[in-house]
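Trainee: I should like to go through the reasoning behind some of the labels attached to this structure. May we begin with the terms for solvent accessibility?

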Amino acid sequence: MAHGFSATTTINRPVDEVFAFLADGENDRKFSPRVQQIERMTEGPPGVGSVFKSTVKDAGMTTEREFRLTELEAPSKIRWTETSKNSITVPEGGYDLAAEADGATRMTIFNNFEGHGIGKVILPLAARAARKDADAFADRIKAAVEAS
């Protein structure tokens, strides 16, 4: 993964609970300090095609982001794509979940990044920063799910 990150952790909750928490993109603000605001733009429960719009702050810059859920295979797979136009976007991201024997869930998160315009120049730096924070990010997700 040249421009992106992945991280894995074990969450002490059943896989169905973890799936439901993560499929609801509005929960992102509970574990991502960069997300200042997020809301679902589509009606009904989260599903394929659901759109989430957020305001995020990265490296001192505030941007608007829009993501669409592209795959939901309960309770093991969630995928999204960023539809907004920013200097760096996420054409593909997701969670892979697996139930563990003790009732916990093994979670892997990944995001692949793409640069546009000036984003092509800063993409390697942004990807490196995301990889450096990947394990801590997974730990923040774990803490948020376990606290819910």
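Mentor: A residue is called exposed when its relative accessible area is over 50%, and buried when that area is under 20%. Please note that the model is a predicted one.

Trainee: Why is Ile118 called exposed?

Mentor: Its relative accessibility is 57%, and the cut-off is over 50%, so Ile118 counts as exposed. Ile118 sits in the loop between strand S7 (105-115) and helix H2 (119-147). Together with Val121 and Ile122, Ile118 makes a nonpolar surface patch of about 290 Å².

Trainee: How many aromatic pairs are there?

Mentor: The count comes to five aromatic pairs. One of them joins Phe21 and Phe31, with 6.4 Å centre to centre and 40° between the planes.

Trainee: What makes the pair of Phe21 and Phe31 tilted?

Mentor: The centres lie within the 6.5 Å limit, and an angle of 40° is neither under 30 degrees nor over 60, so the pair is tilted. Phe21 belongs to helix H1 (residues 15-23), while Phe31 is in the loop between H1 and strand S2 (35-40), 10 residues apart.

Trainee: How do you know that Phe21 is buried?

Mentor: Its relative accessibility is 7%, which is under 20%, so Phe21 counts as buried. Phe31 is also buried, at 4%.

Trainee: Why is the pair of Trp80 and Tyr95 called edge-to-face?

Mentor: The planes are 65° apart, which is over 60, and the centres are 5.0 Å apart, so the pair is edge-to-face. Trp80 lies in strand S5 (residues 77-82) and Tyr95 in strand S6 (residues 88-99), so the pair ties together parts 15 residues apart in sequence.

Definitions and conventions
Residues numbered from 1 in each chain as written. Predicted model: local features only at pLDDT ≥ 70, side-chain atom pairs only at ≥ 80, totals over all residues. Heavy atoms only, no water. Patch = residues over 30% accessible without salt bridge, like charges linked within 9 Å, V, L, I, M, F, W, Y side chains within 5 Å. Areas by Shrake-Rupley, 256 points an atom, 1.4 Å probe, with all protein chains shown as cover. Salt bridge = Lys/Arg side-chain N within 4 Å of Asp/Glu carboxyl O. Helix = DSSP H or I, 4+ residues; strand = E, 2+ residues; numbered from the N terminus. Buried < 20%, exposed > 50% of the residue type's maximum accessible area, 1.4 Å probe, protein only. Phe/Tyr/Trp six-rings, centres within 6.5 Å; stacked < 30°, edge-to-face > 60°.
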